[in-house]
Amino acid sequence: MLKLNNIEVAYLNVIRVLHGVSLNVPDGAIVALLGANGAGKSTTLKAISGLLRVEEGEVTDGSIEWNGERIDKKSAEYIGKLGIIQALEGRHVFEHLNAEENLMVGAFQRHDRHAVKRDLEMVYDYFPRLKHLRHNTAGYLSGGEQQMLVIGRAMMATPKLMMLDEPSLGLAPLLVDEIYNIIQRFNSEHKTSVLIVEQNVRIALSIAHYGYVMENGRVVLDGTADYLKNNEDVKEFYIGLSVMGTRKSYREVKHYKRRK
């Protein structure tokens with residue numbers, strides 16, 4: 001469904017951030033894009049969704065294809081209409097609107113009111129807490145509730161590909177597990193493809209079918225979720241566990257050299 005072919009991205013035509021990134025997101029799959037902060041994960045999502053231009057960035061080489069159509073030169077509006085929906089990092093809600101109004105923003109391009117109402121109830125089924133808070137001002141919700149709201153808003157857009165940027169960031173472990181269970185359930189029930197950017201490798205690989213690991217703007221490792229979970233490099237550097245199952249200190253990890 002989605003294919004990135006050796007893309008390079010530069011900001012201001014000077015600062016090169018991605019260096020020949022290639023990846024695929026098959027129809028109906030959950031794919032995790034993993035790596036440390038600054039690896040280029042968020043830039044990859046923005047290249048797909050067409051949001052690079054807002055930050056004076058562009059795809060300078062390679063191509064991005066959606067169902068065989070090249071989209072790397074298309075506008076964010078056009079890409080959104082194709083069903084590629086991104087939830088940005090940082091829980092971007094419309095703070096002055098209430099929770100339900102935020103959800104309805106996700107459906108602003110839809111005209112079938114019956115279907116929109118049905119999908120609103122679907123979101124409330126996934127996130128019962130949001131139904132209880134539907135009249136509350138979004139800016140006063142907790143971080144976890146705002147994250148639910150952002151994901152629910154993406155669901156309201158009837159995505160064919162839902163891209164989530166760091167959905168676990170700053171959340172308590174129990175809430176992270178809850179949100180990831182809902183993402184997995186949504187994928188299973190609606191066959192919606194999902195591309196997740198995460199630093200939390202453990203939780204991302206718990207639901208992903210396939211994963212890519214990025215370092216310094218390049219994909220350095222990829223494979224099935226089971227393969228990556230059992231890969232010693234991934235366990236040692238990204239999950240922080242040595243072969244013996246003990247947590248490595250930062251001093252030990254920072255001198256890590258990837259195995260060939």
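Is E55 buried, exposed or partly exposed? With a relative accessible area of 36%, E55 counts as partly exposed, because that value falls between the 20% and 50% cut-offs. Hang on to E55, as we'll meet its partner in a moment.

Before going further, keep in mind that what you're looking at is a predicted model. Averaged over the protein, the pLDDT comes to 89, and 91% of the residues score at least 70. Watch out for residues 241-260, though: the pLDDT there is below 50. Even so, this stretch has 24 contacts in the model beyond its near neighbours in sequence.

Now for the charged side chains. Side chains of opposite charge can pair when their charged atoms come close. This structure holds 14 salt bridges, and we can stroll through a few of them.

Start with E55 again. E55 pairs with K46 in a salt bridge, and their closest N and O atoms are 2.7 Å apart. What about the lysine's surroundings? K46 has a relative accessible area of 17%, so K46 counts as buried, the cut-off being under 20%. In other words, this salt bridge joins K46 and E55, with K46 buried and E55 partly exposed.

Next, find helix α2, which covers residues 76-81. K81 and E77 both sit in this helix, and because they are 4 residues apart, about one helical turn separates them. They form a salt bridge too, with 3.6 Å between the closest N and O atoms. Here both partners, K81 and E77, are exposed.

You can see another pair within a helix if you move along to α9, residues 225-230. K229 and D226 lie there, 3 residues apart, which is about one turn of the helix. Their salt bridge has its closest N and O atoms 3.5 Å apart. As for K229, its relative accessibility is 33%, so it counts as partly exposed.

Salt bridges don't have to come as isolated pairs, either. Which residues are linked in a network of salt bridges? Look for R110, R118 and D119, which are linked in just such a network.

Let's finish with a residue in another helix. N181 lies in helix α7, which runs over residues 173-190. N181 has a relative accessible area of 47%, so it counts as partly exposed. Try tracing the chain from N181 to I207: they are 26 residues apart along it, yet their C-alpha atoms are separated by 7.9 Å.

How values were computed
Residues numbered from 1 in each chain as written. Predicted model: local features only at pLDDT ≥ 70, side-chain atom pairs only at ≥ 80, totals over all residues. Heavy atoms only, no water. pLDDT = per-residue confidence, 0-100. Contact = heavy atoms within 4.5 Å. Helix = DSSP H or I, 4+ residues; strand = E, 2+ residues; numbered from the N terminus. Buried < 20%, exposed > 50% of the residue type's maximum accessible area, 1.4 Å probe, protein only. Salt bridge = Lys/Arg side-chain N within 4 Å of Asp/Glu carboxyl O.
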